[in-house]
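Biologist: Please take me through one part of this model in close detail, namely a single pair of packed elements and what surrounds it. I would like one connected account, with the cut-off behind each term stated as it comes up.

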Amino acid sequence: MTEQTYCDRLVQDTPFLMGHGRLSEQQVDRIILQLNRYYPQILSNKDAEKFRNPKASLRVRLCDLLGHLQRSGERDCREFYRALYIHAQPLHSRLPSRLAPQNSDCTELDSGTVGRELSDRGPVAFLACLGLAAGLALLVYCCPPDSKVLPGARRVLGFSPVIIDRHVSRFLLAFLTDDLGGL
């Protein structure tokens, strides 16, 4: 199988890049400015002004820019990918052309993409889940089963499976099975 050219990759990635909210206006402007300043042979001042026109919508400007680069040639497409990597690295790593298997006989799953998709929620969500799990673990393991310190704790945990997902509720119900008669 021959290796994909940058122009082929840009054709494949264009629908993804045109998706709503993928590239911000600032990112597109930075990419245009980089292509204009560092590579004026790729984007002339006139082209850069056209692609940065605030009267046109971001989608139209981006579509025009990608079409211009596809018609310009391999070097221009390669420099676009370099600018995209610099100014929108997380988006660059999720491009369809980068996630597609390199050989057609490859049967393994790319486990790296699953990890990136799961981590999109950010550190605050992770810390919230970790805190919830740690709190439940402390409640379960630090309170003896016959303790009178928190008499209502088992009742609260007994009603929480109604709210919590069924997978978690199995574990909570297993914890409560020895004391369900006391409710």
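Modeller: Helices α4 and α5 are oblique to each other, where angles under 35 degrees count as roughly parallel, over 145 as roughly antiparallel, 65 to 115 as roughly perpendicular and the rest as oblique. This is a predicted model, in which local features need pLDDT of at least 70 and side-chain atom pairs count only at pLDDT 80 or more, while totals for chains, interfaces and linings use all residues. Residues are numbered from 1 along each chain as its sequence is written, and side-chain values use heavy atoms, with hydrogens and water left out.

Two packed helices are described by the angle between their axes and the distance between the axes. For helix α4 (residues 58-72) and helix α5 (residues 74-87), the angle is about 135° and the axes are 6 Å apart; the axes are lines fitted to C-alpha atoms, for helices over the stretch in contact, and the angles run from 0 to 180 degrees between N-to-C directions. The helices themselves are DSSP runs (H or I, at least four residues; strands are E, at least two), numbered from the N terminus.

From α4, the residues Leu 66, Leu 69, Gln 70 and Ser 72 meet Asp 76, Cys 77 and Phe 80 of α5, where contact means heavy atoms within 4.5 Å. Ser 72 lies in helix α4 and is partly exposed, with a relative accessible area of 34%; buried means under 20% relative accessible area, exposed over 50%, and partly exposed in between (1.4 Å probe, protein chains only). The C-alpha atom of Ser 72 is separated by 7.7 Å from that of Ile 42, although the two residues are 30 residues apart along the chain. Asp 76, which contributes to the α5 side of the packing, counts as buried at 4% relative accessibility. Asp 76 also forms a salt bridge with Arg 75, the closest N and O atoms being 3.2 Å apart, and a salt bridge here is a side-chain nitrogen of Lys or Arg within 4 Å of a carboxyl oxygen of Asp or Glu. Its partner Arg 75 counts as partly exposed, at 39% relative accessibility.

Another salt bridge joins the side chains of Arg 78 and Glu 79, with an N to O distance of 3.7 Å. Arg 78 is partly exposed at 31% relative accessibility, whereas Glu 79, placed in helix α5, is buried at 5%. Setting aside residues up to four places away in sequence, Glu 79 touches Leu 35, Tyr 39 and Ile 42. Ile 42 thus appears twice in this account, as a residue touched by Glu 79 and as the one whose C-alpha atom lies 7.7 Å from that of Ser 72.

Helix α4 also packs against helix α1 (residues 6-17), at an angle of about 170° and with the axes 10 Å apart. α1 and α4 are therefore roughly antiparallel to each other. Their contact is made by Cys 7, Leu 10, Val 11, Thr 14 and Leu 17 of α1 and by Leu 62, Leu 66, Leu 69 and Gln 70 of α4. Among these, Leu 66, Leu 69 and Gln 70 of α4 also take part in the contact with α5.

Just ahead of α4, Asp 29 forms a salt bridge with Arg 52, the closest N and O atoms being 3.7 Å apart. Asp 29 lies in helix α2 (residues 25-38) and Arg 52 in the loop between α3 (45-51) and α4, so the pair ties together parts that are 23 residues apart in sequence. Asp 29 is buried, with a relative accessible area of 17%, and Arg 52 is partly exposed, at 34%. Both belong to a network of salt bridges that links Glu 25, Asp 29, Arg 52 and Arg 61, and the count of salt bridges comes to six.

As for the wider setting, the secondary structure of the protein comes to 11 helices and zero strands. Of its 183 residues, 28% count as buried. Of the contacts with a separation of 6 or more, 59% are between residues 24 or more positions apart.
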